Amino acid sequence: MQQQWLTSLKTEDPQAGYELAIKLARMGVKYTQPKDEVRQKLRPVYEQDANSLIASSQVIATNFQTVAMANNYWS
C-alpha cells in the first residue's frame with residue numbers, strides 16, 4: 001500500500017478544488033500503472049492522441065464534480 005496522500009476533499013476555493021481533481025486523476029493513473037518507466041514510455045503516445053486527452057479531461061471533470069460536492073459547491 002502506498003503512503004496516504006489524500007486526507008480530505010475539502011479545499012479553500014474552486015481553484016484549489018480543480019487542482020485536487022487533477023491530482024486525483026494523476027494518482028489514479030499512478031495506481032493503475034505503478035511503474036514510472038512504463039508511464040514515461042506511454043506518455044508520448046497519449047499526449048498526441050485527441051481522444052486520450054478528451055478522456056483525461058472527462059476524468060478530471062468527474063473528479064472536480066466530486067470535490068465540488070464535498071465542498072458544498074463553495075457556497
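This report describes the fold, surface, largest pocket and selected residues of a predicted model of a single chain.

## Overall fold

The predicted chain contains three helices and zero strands, and these elements follow the pattern α-α-α when the chain is read along its sequence. Helix α1 covers residues 14-32 and helix α2 covers residues 36-46, while helix α3 takes in residues 50-70.

Along its principal axes, the C-alpha trace spans about 40 × 30 × 15 Å. Among the contacts in the chain with a separation of 6 or more, 62% are made between residues that stand 24 or more positions apart in the sequence.

## Burial, surface and charge

The chain has 75 residues, and 17% of them count as buried. The area that the chain exposes comes to about 6000 Å², of which carbon and sulfur atoms supply 54%.

As for charge, the chain carries 8 positive and 7 negative charges, and the mean positions of these two groups are 7 Å apart.

## The largest pocket

The largest pocket of the model has a volume of about 690 Å³, and 21 residues line it. Those that lie nearest its centre are A25, R26, V29, R43 and Y46.

Each of the helices α1, α2 and α3 supplies at least two residues of this lining. The largest share comes from α1, which contributes nine residues to the lining of the largest pocket.

## S57 in helix α3

S57 has its place in helix α3, where its relative accessible area is 46%. Because this value falls between the 20% limit for buried residues and the 50% limit for exposed ones, S57 is classed as partly exposed.

A comparison of positions links this residue to the segment after the helix: S57 and Y73 are 16 residues apart in sequence, and their C-alpha atoms are 20 Å apart in space.

## The segment after helix α3

Y73 is placed in the segment after α3, and W74 lies in that segment too. The relative accessibility of Y73 is 53%, and Y73 therefore counts as exposed, given that the cut-off for this class is over 50%.

The backbone at both positions has a feature that may be worth noting when the model is inspected. Phi of Y73 is near 55°, which is a positive value in a residue other than glycine, and W74, likewise a residue other than glycine, has a positive phi near 50°.

Key:
Residues numbered from 1 in each chain as written. Predicted model: local features only at pLDDT ≥ 70, side-chain atom pairs only at ≥ 80, totals over all residues. Heavy atoms only, no water. Helix = DSSP H or I, 4+ residues; strand = E, 2+ residues; numbered from the N terminus. Buried < 20%, exposed > 50% of the residue type's maximum accessible area, 1.4 Å probe, protein only. Contact = heavy atoms within 4.5 Å. Areas by Shrake-Rupley, 256 points an atom, 1.4 Å probe, with all protein chains shown as cover. Lys, Arg positive; Asp, Glu negative; His and termini not counted. Charge placed at Lys NZ, Arg CZ, Asp CG, Glu CD. 1 Å grid on protein atoms, 1.4 Å probe; cavity = no way out; pocket = protein on both sides within 12 Å on 5 of 7 lines; lining within 4 Å. Points joined across faces, edges and corners; volume = space filled by probe spheres on them.
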